[in-house]
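Welcome to this structure! Below are some numbered notes to read with the sequence and the model side by side.

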Amino acid sequence: MADLSAVRADGLVKNFGDFRAVDGIDLHVRQGEIFGVLGPNGAGKTTMLRMLATLLPIDGGHAEIFGVDVRREPHRIRQLVGVTGQYASVDEDLTARENLWLFARLQGLTSTRAKTVADDLLQRFDLQEAAGRPLSQFSGGMRRRLDLASSLITRPPLIFLDEPTTGLDPRTRGQMWDTIRELVTDGSTILLTTQYLDEADQLADRVAVIDRGRKVAEDTPDALKTQVGDSTLQLSLADGADIAMAANVVRRVLGEDPVLTPESGRMKIPLPDADRAADVLIGLREAGLGISSVSVAKPTLDEVFLALTGHGADNPQLEAAR
Amino acid sequence: MTTRTMTPATLNPQRVDPSTVVARTTPRSSLQETWVQILAMAWRALKKMRRKPEQFFDVLIQPLLFTAMFAFIFGGAISGSVSNYLPVLIPGILAQTALTVCMATGVQLREDMDKGVFDRFKSLPIARIAPLAGPMIADLIRYGIASVLTLATGLFIGYRPGGGVLGCVAGVALTMIAGWSLAWIFTWLGTMARSAQSVQGISMMIMFPLTFLSNAFVPAETLPGWLEAFVKVNPVSHVVSAVRDLLNDGAVTVEVGWAVIGCVIVVLIFAPLAVRSYSRKM
């Protein structure tokens with residue numbers, strides 16, 4: 001096997017009727033890395049993942065996982081990939097332990113071995129106390145953990161995580177991140193989708209940005225962020241009439257053009273580096289320009305999108321969710 | 001909630017090595033693996049039955065209600081008296097009850113398939129037939145309960161099967177086999193339809209002609225010629241005739257052979273159709 005990259009996809013296409021959900025995406029995931037697919041709702045992230053996981057037929061293009069053809073040998077692919085969906089794919093009518101036991105049996109473990117593995121996973125994912133309870137009493141975070149545990153029974157070399165932390169509170173999200181990082185130390189490769197730049201930044205070695213079924217960028221999270229500036233300095237001037245002068249100061253200090261909102265006397269300044277905020281503020285004081293408010297914000301997915309595609313992420317919920 | 005710290009040394013003695021895993025993969029599940037998978041799915045269905053006993057409603061009520069109702073309403077008109085009608089009716093009701101249970105199989109499968117866990121079943125390296133065949137094995141229990149209850153109700157209102165205990169056991173067994181075989185039709189519908197309600201609707205349209213356009217409740221000879229022709233090829237008629245021969249005479253007749261052949265044909269046609277439509281619906 002010459003090519004043992006974890007995922008190699010060329011020109012993936014998926015149509016739903018007239019709508020082209022995935023429009024020729026190339027993807028190359030190396031072994032042992034966490035690869036993030038970043039994009040807003042409806043960008044085609046989940047569709048792409050489902051095609052690679054043999055859950056949706058591939059309409060066009062070619063995909064291989066560890067050198068195995070996804071279209072031709074779906075059964076082999078299913079032995080290589082563990083899938084954790086956006087919505088917990090566990091049985092609501094069974095207990096956590098029963099779920100794990102069932103999935104283990106289905107994958108050919110003996111009954112005794114299935115019990116051992118189920119108990120190990122319950123312990124590892126901090127679910128042993130709830131193991132015998134019906135899932136209806138589980139919190140969202142517990143369900144996600146059980147779902148992830150279910151994907152790890154046979155320790156697949158590639159793990160797909162579809163928006164693993166969407167809808168989780170910040171603390172549970174942090175725990176999920178730790179768990180995901182641990183998986184990679186085992187030698188697994190992870191392909192995850194997310195709507196949060198922050199999450200891609202925290203976890204992924206490399207990120208592909210997907211928009212309307214196309215890949216618009218692929219790079220390390222750091223490189224992506226520098227395209228929009230590491231962070232943004234937002235200023236409101238005490239006197240809106242000073243805005244042109246203030247813009248000159250910014251240009252002189254940073255060599256960049258600020259985004260102006262003259263009506264309200266506000267400006268947004270992309271910063272290559274958060275430290276430079278001080279330089280701008282000092283420059284403004286030296287020029288005698290008063291400021292009524294100031295804040296430094298990290299780039300949002302929306303801004304990355306704007307920078308990469310020239311339009312926003314088209315998702316009003318996105319900002320609210322952050 | 002405590003912070004989880006994993007200890008790779010104890011829980012994961014080895015790192016995952018993709019090339020070894022790739023080398024170990026198989027192109028499809030072996031027969032033995034498939035059988036284990038079907039049994040695991042049957043186990044799941046049994047667990048669900050135990051937790052949701054309300055789904056036994058149909059197999060408990062229908063045998064009691066329909067047996068008594070049909071016997072007292074049609075008995076005099078069709079056979080002169082209730083006791084003369086019972087040997088005709090009981091096998092008919094057995095078949096009808098089995099078909100009702102079949103219908104529930106299709107509806108429940110459709111409901112089940114809409115749940116998130118089916119995504120996981122699809123993503124696992126398991127034979128595509130397992131999620132369909134598993135619940136059907138568990139459903140054998142439902143056919144058994146329904147058949148025994150129907151027979152018991154018949155005995156209670158005066159039915160005396162001439163075939164004796166052996167004949168009754170054989171009759172119930174044949175009903176279960178027939179129910180399980182015909183259930184593949186409804187399973188296929190379950191994999192095709194958009195919603196559980198539509199499965200219910202379509203199943204009704206299939207079930208009523210199959211039971212009423214058969215010899216289940218009336219002798220076929222009393223029907224107009226064109227209808228009699230359909231009734232005679234209806235597999236349900238053969239099952240009913242076969243069960244009658246077993247229950248009333250304790251005789252393994254040609255009809256029993258036809259019933260079994262009919263069942264095998266139904267399975268051979270509809271099981272592959274169901275599996276294909278299920279695998280496509282991904």
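1. Start with Ile190(A), which sits in strand β8 (residues 189-194) of chain A. The model is a predicted one, so please read every value here as computed from it. Is Ile190(A) buried or exposed? Ile190(A) counts as buried, because it has 24 C-beta neighbours inside 10 Å, and 20 or more are needed for that label. Leaving aside residues up to four places away in sequence, Ile190(A) touches Ile34(A), Phe35(A), Ile159(A), Leu161(A), Ile180(A), Leu183(A) and Val184(A). Thr154(A) is 36 residues from Ile190(A) in sequence, and the two C-alpha atoms are 15 Å apart in space.

2. Two of those contacts lead to the next strands. Ile34(A) and Phe35(A) are among the residues touched by Ile190(A), and strand β3 of chain A covers residues 34-38. β3(A) runs parallel to β9(A), and four bridges join them. Within this pair, Leu38(A) stands opposite Val209(A) in β9(A).

3. Now look at strand β9 (residues 206-211) of chain A. Five of its six residues are buried, so β9(A) is largely enclosed by the rest of the structure. On to strand β10 (residues 214-219) of chain A: five bridges join it to β9(A), and the two run antiparallel. Here Ile210(A) faces its opposite number, Lys215(A) in β10(A). The two strands form a hairpin with two residues between them, and Arg212(A) in the turn has a positive phi of about 45 degrees.

4. It helps to step back to the domains of chain A. The domain assignment gives domain 1 (7-225) and domain 2 (230-298). Taken over C-alpha atoms, the centres of these two domains are separated by 42 Å.

5. Toward the start of chain A you will find an open sheet of four strands, in the order β2-β1-β4-β5 and with antiparallel pairing. Why does one side of β2 (19-29) and of β5 (68-69) lack a neighbour in the sheet? Both stand at the edges with a single partner strand each, so one side of each is left free of a neighbour in the sheet. Strand β1 (residues 7-16) and strand β4 (residues 60-65) of chain A pair in the antiparallel sense over five bridges, and Asp10(A) stands opposite His62(A) in β4(A). Helix α1 (residues 45-52) of chain A lies across β1, β2 and β4, running at about 115 degrees to β1(A).

6. Another open sheet of chain A also has four strands, ordered β12-β13-β11-β14 with antiparallel pairing. Its edges are β12 (259-261) and β14 (291-297), each with a single partner strand, so one side of each has no neighbour in the sheet. Neighbouring strands here are turned by 15 degrees against each other on average, ignoring direction. Three bridges pair β12(A) with strand β13 (residues 266-271) of chain A in the antiparallel sense, and Thr261(A) stands opposite Arg266(A) in β13(A).

7. Two helices pack on that sheet. Helix α9 (residues 243-254) of chain A touches β11 (231-237), β12 and β13, and its direction makes about 5 degrees with that of β13(A). Helix α10 (residues 276-286) of chain A touches β11, β13 and β14, with its direction at about 140 degrees to that of β13(A).

8. Chain B comes next. How many helices and strands does chain B have? There are 12 helices and zero strands. The C-alpha atoms of chain B fill a box of roughly 80 × 40 × 35 Å along the principal axes. Of the 282 residues in chain B, 45% are buried. Among its contacts with a separation of 6 or more, 79% are between residues 24 or more positions apart.

9. An unreviewed UniProt entry lists residues 56-79, 85-107, 140-158, 164-189, 201-218 and 256-275 of chain B as "transmembrane region". In the model, residues 201-218 are 67% helix and 0% strand, with end C-alpha atoms 25 Å apart. Residues 256-275 are 100% helix, and their end C-alpha atoms lie 28 Å apart.

10. Finally, consider helix α9 (residues 196-212) of chain B. At 1.5 Å a residue its 17 residues should span 24 Å, which agrees with the 24 Å between its end C-alpha atoms. Val199(B), Ser203(B), Leu210(B) and Thr211(B) are buried in α9(B). The buried residues of this helix pack against α5 (82-113), α8 (164-192) and α11 (235-249) of chain B.

Definitions and conventions:
Residues numbered from 1 in each chain as written. Chains lettered and ligands numbered in written order. Predicted model: local features only at pLDDT ≥ 70, side-chain atom pairs only at ≥ 80, totals over all residues. Domains from an automatic or database assignment. UniProt positions renumbered as here; feature names shortened; annotations may be inferred. Expected span 1.5 Å × (residues − 1). Buried ≥ 20, exposed ≤ 12 C-beta atoms within 10 Å, placed from the backbone. Contact = placed C-beta atoms within 7 Å. Pairing = 2+ DSSP bridges. Axes fitted to C-alpha atoms, helices over the stretch in contact; angles between N-to-C directions.
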